[in-house]
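Trainee: Could you take a close look at one part of this model with me? I would like to see how a single strand sits among its neighbours.

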Amino acid sequence: MSFLGSLFLWALPLVAVPVILHLLRRRQREIVPWGAMQFLAPEIIHQRKMKRIDELLLMILRTLAIAGIILAMAQPMISGSLFGFGSVQEEVVLVIDVSLSTDLATKEQSLFDELREAVREELEELENGTQVRLLLAGERPEWMYPTALELSADSRARINEDLNQLEPTLASAQLGSALLLALESKPDQNIYLRRIELFTDGFAEGWEADSSSLWQKIRKQQEQASVPTSIKVWTPNKQTEVAHTNISIEEIRSLRTHVALDELITFTAVVRNRGNQPVQNISLDWSANGTDIGSSSISNIEPGETAEVDFDYATTEQGIVRIECKTPLNDELRLDNRSERLLSVVERIPLLIVSRVENLHPPKGDVRLVLSALGQSQLAREINHWKSVFVPKVISWEELEGENLDTFDCLLLTEVPNVSESAIQNLTRFVRNGGGLWIIPGPGTNFDSFNASFHRGGAGLAPLPLSGLRSESPTEQPYDVLIPPERSHPALNIIGDLERLDIHEVRLTEYIRQSAPDNFPGNRIWLQTASGDPLVVENYLGRGRVIVQSIPLNLDWSNLPICRLYVAMVQEWLLYLAQPSASQLNLEPGETFRFSTTAALNLNQLEVETPLHQMKRPALLNQEGESRLFFAETNWPGAYQLNSIKEDGQPELLAPFYVARNREESNLTPLNEPARQHLAELGGLQFGEQSTTDLTRYEQAEPPQTPFWTQLLMLALICFAAEMILTLFIARRRYAGSLGPE
Amino acid sequence: MKFSILKKATWINRSTAQTKQPPRQKDHGLLDPEVLRQIGHLELLTQRVVDGFLTGKHRSTHKGGCFEFAQHRPYTAGDEIRLIDWHVFAKSDRYYIKQFEEETNLQAMMVVDASGSMNYRGSTISKFDYARLAAACLSRLVLRQRDSVGLSLIDQSIRKYIPPRSSATHLRSLLHTLLNEQTSGMTSLSGALHELGKRMKRKGMILLFSDCFEELEPLMQALHHLRLRGHEILIFQTVAPEELSFRFDKMSKFECLEEENLILDVDPQAVRKGYLKRLNEFQEQLQQRCVELGCEYFQLNTGDELGTVLSQYLSRRNAGIKA
């Protein structure tokens, strides 16, 4: 037993107070010489017996009450086994590494088979009654069972069955996080020994050995754990640096994932040689929804080198298309020999163009130029020329308020007049819900009105306020030019191509200045004039995007519409703006998957199948005739499927989505001996067999101490109550005697 | 045996220290003038005939030539010649003997219990003091009416015995004895009374001053024995007011006055009811049995004025006898 507030124990001598009072009271009694003893004696014999018991009881109760209060204030902690809180039990947490690298093929079996066998052997060694938890180490650790299992024949069979179904995943094991979670799990009350056994592949990836703070935290948690805890690490037999080949398809890239039917998309496969041997003649097979669509090849990759292979493909089917790239190379680690990317293929994208009424019929000015860029001009229609994926609808500003914006993916506003507050609110809601908005103020735009409606001091749709025309400030240059943008931005990748397009040929004789503060993020300024004025600026609002272009598509102001980049610019920017309206199908681990549909969905009929083949339920929000679905448990890399369960119980695929893997997991560098020693020292891990001293410490561990002051306080209260009752009883008995005849 | 139950109860706390002797009472004249004033005009008369050698107010069991004529009876051989009534012989020529009723004196025996229990004093003087005061006053009364009076101080047996005498100087020796004796030891009234019965040859009056706190049956047997011997018995049960009311509040140690080292821890409130019940039962039985034996019972409460009590008692008694 130990005490948290041992200072209060100094008050323990107070326990003697009732005893002293009891004895003093006995001593201080008056002596009465008495003759008529014969009438007193029989009464005394009875009374004395009762009296002595009463007084003794009172003294004991008072002593106990005082002792109870003092001890409770000292906050005692007692060993659980003192009161027999159940049999002595041990908890074993088996942390199983299911990362991609465990799929490494050895001579007879994979590394994961070896690891699984080790877990089985460990389970067999454990006695029945031991509490067992199983934790899968991935991007985020995940318990196999929500609670600890008590080992028995049934639970063993269940665990073995689940172990058989366990496979390596695309995940990268965050071993430190897994150990932290294992340490943080609260053992049952009757547990006083805990062993954490980590079964891992022995590669350096996932250990974060250089993160001292993490391992110090693990060490601290281990030392401060409520029960003595040891961490043992099992790794396969020592791996030597043997020659091995490992080609990894790191990822497939494409500019967009929201594409039009028959639109030619360039996919780029990033291939890296993660082995220590050069590899020649690597062929890459491409498939779309399982159908071969071609192949490409790489002649040679040296160890550590990366090659990028482009593959052009125009999807011929509508909906979600899975583009897969894999190599048939038979290397040691096959799980990373493939990668995939999901495309959302649509036939048409609805676009709403808003302009002045005089520009509509026939189309004039900006409207005409935009329609031309989308292949929708009168001439183009007559000759059945190419048409863009966008289906434009042109309305006047007056009609904007009555229009249902939810049916469009993006909006283009030209020659912005004074806009009513309700129209601004509609536009804001539209953007927040994922719509794309392209604002082009015109010559007739009132800047103050625009700033008040659209900028709103930075809280509106437009990121920057309009400050005036270029011509308002004197300049010697007759025109201004554009600075070619960085191609890193997906919307600027094509128009920044100076070889094929002619952004450097653009001449700006007039434009509207936008005032950018010094701290405005540069990556949100898409185009900037040579004199430093932002011309096209991007803004994010909710899920949607807004771009403000402060130069109208007017040949009097610039030659932009007649440059080669113009059509590409309109197409790319509209496609970019339309992206957020589509579901994000290619996610990073932990990113929330969002899916919208107009079909009515019932939450009870929805489930998401994870790469671990677990079925999980997404969140559903029905709003304005639209079902919005959210799923945030995307910690494990790999293919997910959002299914709707039909009435016959069969799942129907609503949407697949893919979570990318950590590319570094393909790195098969073993955890070297210095790193092991470092981890052992910092994190208190035991690699291999446990040392004798550690075993002794572990076996000598005492059952966990539990706080006992509540019970003591209860005891004190009970003693007080009993003392009061007894006092009342004694008083009643005494004064009942005085009611006799006098 | 008195207190046998206490003796058996070995668990009772008996202190090893010797019981302190109560402080010697301040000597005072046993003949309180106030008491004597109140009872001076009264007499202590017997209801029965008594044996006596002197002339007095009491009818004697002896008949002979003395004062009051009783009857004539024919002379028989053996009668004394001097007892023949010559006047009758002259008239009738027959020998008659003249008989007279003899008046004799009373032999009163003051029996004072000097056992330990009589030393209880409470808020008044001790029971023993009260008893010897009463005995002294009544002794003087008896002597003044020319009767003889004796004294017995008893505890387990007769500690002091002064035979009855009627001389004036006898009172001094009685008072001296009463003054110089102290209470001690246990009481065995029954044994002492049996012994007293053997010692008293003549029928007389026995005045017992005691608290009578002992087992009732042996006491009654002893009284019965005295009654069979023809003694008139007056029992003056001397008790303290505390003994009758048991008005104690605090937890106290009750120390036995008769048995050494017998101390009881008592919660008076708790035992009061039982104590009074036992006491009242005892008192009722004592009175009832006394009446059955033909003894006269009278309770002397040490809280009462002795003169008043004796005066009232004697007045009532004399009135009853004369009636």
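How many helices and strands does the secondary structure of chain A come to, and where does strand β9 of chain A fit in, mostly covered or not?

Mentor: Happy to! Keep in mind that this is a predicted model. The secondary structure of chain A comes to 14 helices and 37 strands. Of the 742 residues in the chain, 39% are buried. Among contacts in chain A with a separation of 6 or more, 75% are between residues 24 or more positions apart.

Now to your strand. β9(A) spans residues 229-234, and five of its six residues are buried, so this strand is mostly covered. One of its partners is strand β8 (residues 191-199) of chain A: the two pair in the parallel sense over six bridges. You can find the pairing on screen at A:Arg194, which stands opposite A:Thr229 in β9(A). Between these two strands, the chain passes through helix α6 (residues 212-224) of chain A, giving a right-handed β-α-β crossover.

β9(A) is also joined to strand β36 (residues 685-687) of chain A, by three bridges, and these two run parallel. Here the place to look is A:Ile231, which stands opposite A:Leu685 in β36(A).

For a contrast in burial, try A:Glu421, placed in helix α9 (residues 421-432) of chain A. A:Glu421 is exposed because just 8 other C-beta atoms lie within 10 Å, and the cut-off for exposed is 12 or fewer. A:Glu421 and A:Ser453 are 32 residues apart in sequence, with 7.3 Å from C-alpha to C-alpha.

Definitions and conventions. Residues are numbered from 1 along each chain as its sequence is written. Chains are lettered from A and ligands numbered from 1 in the order in which they are written. This is a predicted model: local features need pLDDT of at least 70, side-chain atom pairs count only at pLDDT 80 or more; totals for chains, interfaces and linings use all residues. Helices (H or I, at least four residues) and strands (E, at least two) are DSSP runs, numbered from the N terminus. A residue is buried if 20 or more other C-beta atoms lie within 10 Å of its own, exposed if 12 or fewer, and partly exposed in between; C-beta atoms are placed from the backbone. Two residues are in contact if their C-beta atoms, placed from the backbone, lie within 7 Å. Two strands pair if DSSP finds at least two bridges between them. A crossover is right-handed if, with the strands pointing away from the viewer, the path from the first strand over the helix to the second runs clockwise.
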